[in-house]
Amino acid sequence: MKLLSALMLAVMTLPVMQSCSKDDDGGGGSNITVVVNDDGTTSNGSIFSVIDDKNFVLDHVKYTVSEGHLTVTGYDKAGCKGRVNIVARVVYKGNSYDVLTIGDMAFLSCTDMTSVTIPNSVTEIAYEAFYDCIGLTSVTIPSNVTYIGTGAFYGCSNLMKIHCKNPKAPFPSDYYSSYGN
């Protein structure tokens, strides 16, 4: 029975290539800092909109201020398409916030996202963060990631390559069954 389960698992994951390596640059993803000016314009021309005192959207990605840092908590369904870039730091209302976490189900069913740039500042990819992102074809996970939640890539049926920059990547025990169909 164990052999049959192992064989089924191998066949299920055959199309996905995973590689883990320590790169000299220390991570993957962007290291972009965006400064939000008092008038709502940004230092790099990003599209910015305020939701409330703790939440805002920057280039179709929703960020939430929590305990002195930022967590990616969602996305703008109408504009989140193609390559999605998560920034490393945002200076907002005179405070500097590092993006440390991609939260639970942050990109749930973001079907039009084809790739995502995860900055080096991110240390955690939470539970089902990219659940059912069927358009996602490849992901690079930076070396600073110390936690990847269960089902982080579940349902990503077109995900063909995961490149992790940390050779000791903390993939959950169900990692190989957490993506694809």
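This report walks through a predicted protein model, from its confidence to a few strands and two cysteines.

**Confidence**

Let's begin with how far the prediction can be trusted along the chain. The mean pLDDT of the protein is 81, and 75% of its residues reach 70 or more. Two stretches have pLDDT under 50 throughout: residues 1-29, for which the model has 55 contacts beyond four places in sequence, and residues 175-181, for which it has 28 such contacts.

**Strands β3, β4 and β5**

A good place to look next is strand β4, which covers residues 55-58. On one side, β4 pairs with strand β3 (residues 48-52); the two run antiparallel and are joined by 4 bridges. Within this pairing, F48 stands opposite L58. There are 2 residues between β3 and β4, and the two strands form a hairpin.

Strand β4 also has a partner in strand β5 (residues 61-66), again antiparallel and again with 4 bridges. Here N55 of β4 faces T64 of β5 across the pairing. β4 and β5 make a hairpin too, with 2 residues between the strands, and D59 in this hairpin takes a positive phi near 50°.

Which way do the side chains of β4 point? N55 and V57 point one way, while F56 and L58 point the other way. In a regular strand, side chains alternate between the two faces of the sheet. The four residues N55, F56, V57 and L58 are all buried.

**A threonine in strand β9**

Further along the chain, T101 sits in strand β9, which spans residues 95-102. Is T101 buried or exposed? T101 counts as buried because its relative accessibility is 11%, and buried means under 20%. Leaving aside residues up to four places away in sequence, T101 touches H69, L70, T71, V72 and E124.

**Two cysteines without a disulfide**

How many disulfides does a search of the whole structure find? The search finds 0. C80 is in no disulfide, and the nearest cysteine sulfur to its own, that of C110, is 3.3 Å away. C110 is likewise in no disulfide, with the sulfur of C80 as its nearest cysteine sulfur at 3.3 Å. A disulfide needs the two sulfur atoms within 2.5 Å, so a pair at 3.3 Å is not counted as one.

Both cysteines are buried, and the table puts their values next to that of T101.

| Residue | Relative accessibility | Class |
|---|---|---|
| T101 | 11% | buried |
| C80 | 3% | buried |
| C110 | 1% | buried |

Note on methods: Residues are numbered from 1 along each chain as its sequence is written. This is a predicted model: local features need pLDDT of at least 70, side-chain atom pairs count only at pLDDT 80 or more; totals for chains, interfaces and linings use all residues. Side-chain values use heavy atoms; hydrogens and water are left out. pLDDT is the predictor's confidence in each residue, from 0 to 100. Contact means heavy atoms within 4.5 Å. Buried means under 20% relative accessible area, exposed over 50%, partly exposed in between (1.4 Å probe, protein chains only). Two strands pair if DSSP finds at least two bridges between them.
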